[in-house]
Amino acid sequence: MSRLVVVSNRVGVPDRKDRGAQGGLAVAMYAALRRHSGVWFGWSGEVSEHPGAASFREADGFTIATIDLTPDDYDEYYNGYANRSLWPLFHNRMGHTAYDRLYDRGYFRVNARFAHAMAPHLREGDLIWVHDYHLIACAEELRRMGTSNRIGFFLHIPFPPADLLLTLSSHEALVRGLFAYDLVGFQTEADVRAFRDYVVNEAGGVLHGDGSLEAFGRTIRTGAFPIGLDLDEFRALAASPEASRQERRMHRSLAGRKMMIAVDRLDYTKGVDNRFLAFERLLADYPEHHGNLLLLQIAPPSRGEVPEYEAMRGEVEHVCGRINGRFAHVDWVPIRYVNRGYPRRTLGGLFRAAHVGLVTPLKDGMNLVAKEFAAAQTEEDPGVLVLSRFAGAARELEGAVIVNPYDPAVLMDAMQRALNMPLGERRERRDAMSAALRRNTVADWRDRFVSALRETPRTLLGGG
Ligand code: GDG
């Protein structure tokens, strides 16, 4: 059986004692890496002036290999091109996008460094699976060095419309980089269409009858591989004694009030301020909620060194403070805004205690929180998921109340509808979502991608 080599910016560190703190993605990867005696390659998380070669350690049936970044790499590749250019642009936030030649150079330099550090350790027959926007250009460098292995790429975030991508001077270099892979996977069919549109209309590529795409002298496969959840694992977490304790504690603190919950990294793509504004309207238009409803917003800070994140944090705090100041009583505060992260086990209990889950990003590749909220709901008294149509998850979770998060009146109506939904309809919706989650788990996602990669016909210039 061929080895699997997984490459991503950060590696998940297996810790058997607390699986609940890890994302389902890391858990799914460990299972595959163990089965294939594989290697997980990525950044160590360390920044040093003189990073050496890759360092290796054995982890429970597979190998973890990491490299350090220099301070320039960290600024230009990670905080710069990845998080200030690609992340906002791929989420349609042109106003937040930084255009900087230094960032471009840093990105391609670090991608090449990953490839050089990895190449001596690759074996013939290894299947290489590169993840996400940080490392798009990695395969091209591996090909330059003569690697002829099958290499696949999966983009966890959306692929942008051509007009937006064209604003980036390095657009062609990026897409050419994707043509060094054999298989390029996206979260949804809409992302696949956006990619094909760019290739055919901007890069002079050809879409063949069998679905393969030809451009830059190579032919590749593309496809939608929506990421799933480890449903049994998350259900078990949500029913664990710790989660139940959390749920009971929350019920005591609610004292008969209803709760809507939202859990997002503090990121301008997640629509936190739009959600707050819609909630403000709900309180203004439906005074019966005063004293009887609260919104719990869990928002751990992320990417604090990127100025756009600092600015949006200030904005969110301002809106939250204003709404609480406007409506709060001595014994009731409408928004509980919590600026820290919680283990998934704790989230499971909180999801069960909530009447409504609000997942309303302005744009999101998939959004696993939506799937986790749906998975945590019980038959007896299920909560309702309000889900943005711009999250990849909306394509599968038809049992959610699907909304346009940009329009506060639409979002307010959806909140009101969810809060008043009869039990019969809540159960039907929950069952529909459970069936969708069961049809496509994280193991299905991984196995579909790995089999598609293994079966990809040898491309034109592999190794060239
Ligand atoms: C990218 C794409 C795509 C645990 N504690 C907290 C927390 N967690 C866990 C959640 C969930 C994960 O972190 C967050 O995943 P998301 O999918 O919601 O979001 P991104 O981090 O932006 O991930 C996304 C994903 O890749 C996988 O392909 O779905 O579209 O952007 O498992 O339980 N999450 C938060 N607060 C906590 O306290 N926000």
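A residue is called buried here when its relative accessible area is under 20% and exposed when that area is over 50%, with partly exposed in between. In this predicted model, the definition applies directly to helix α15, where Arg426, Arg429, Arg430, Met433, Ser434, Ala436 and Leu437 are buried. The protein is divided into domain 1, covering 4–228 + 443–455, and domain 2, covering 232–439. The points below take up the domains, helix α15, the six-stranded sheet and two further groups of strands.

**Domains**

- The C-alpha centres of domain 1 and domain 2 are separated by 30 Å, and the contact between the two domains involves 29 residues of domain 1 and 28 residues of domain 2.

**Helix α15**

- Helix α15 comprises the 17 residues 423–439, which at 1.5 Å a residue should span 24 Å, and the C-alpha atoms at its ends are indeed 24 Å apart, so the expected and modelled values agree.
- The buried residues of α15, among them Arg426, Met433 and Leu437, can be placed around the helix as follows.
- Viewed down the axis of α15, the buried residues fall within an arc of 160 degrees, and they therefore line one face of the helix.
- On the face of α15 turned away from this buried side are the exposed residues Glu428 and Arg439.
- The cover over the buried residues of α15 includes three helices, α8 (231–238), α13 (368–376) and α14 (408–419), together with the strands β15 (384–388) and β16 (401–403).

**The six-stranded sheet**

- Strands β15 and β16, which help to cover α15, belong to an open sheet of 6 strands with the order β13-β12-β11-β14-β15-β16 and parallel pairing.
- The edges of this sheet are formed by β13 (335–338) and β16, each of which pairs on one side only.
- Neighbouring strands of the sheet are turned against each other by 20 degrees on average, when direction is ignored.
- The parallel pairing of β15 with β16 extends over 3 bridges, and within it Val386 has Val401 of β16 as its bridge partner.
- Helix α14, which is also part of the cover over α15, lies across β11 (258–263), β12 (293–298), β14 (356–359), β15 and β16, and runs at about 170 degrees to β16.

**Strand β7 and its partners**

- In strand β7 (residues 183–186), Leu183 and Gly185 point one way while Val184 and Phe186 point the other way, and all of them are buried.
- Strand β6 (residues 151–154) pairs with β7 in the parallel sense over 3 bridges, with Gly152 standing opposite Leu183 of β7.
- Strand β10 (residues 218–224) also runs parallel to β7 and is joined to it by 4 bridges, and in β10 the bridge partner of Val184 is Thr222.

**Ser55 and the β3–β4 hairpin**

- Ser55 lies in strand β3 (residues 55–59) and has a relative accessibility of 42%, so it counts as partly exposed.
- Strand β3 is joined by 5 bridges to strand β4 (residues 62–69), and the two run antiparallel.
- Across this pairing Ser55 stands opposite Thr66 in β4, and, leaving aside residues up to four places away in sequence, Ser55 touches Ile64, Ala65 and Thr66.
- Although Ser55 and Ala65 are 10 residues apart along the chain, their C-alpha atoms are separated by 5.5 Å.
- The hairpin of β3 and β4 has 2 residues between the strands, and in this hairpin Asp60 takes a positive phi near 55 degrees.

Key: Residues are numbered from 1 along each chain as its sequence is written. This is a predicted model: local features need pLDDT of at least 70, side-chain atom pairs count only at pLDDT 80 or more; totals for chains, interfaces and linings use all residues. Side-chain values use heavy atoms; hydrogens and water are left out. The expected span of a helix is 1.5 Å times one less than its number of residues. Buried means under 20% relative accessible area, exposed over 50%, partly exposed in between (1.4 Å probe, protein chains only). The arc is that of the directions from the helix axis to the C-beta atoms. Contact means heavy atoms within 4.5 Å. Two strands pair if DSSP finds at least two bridges between them. Axes are lines fitted to C-alpha atoms, for helices over the stretch in contact, and angles run from 0 to 180 degrees between N-to-C directions. Domain bounds come from an automatic or database domain assignment.
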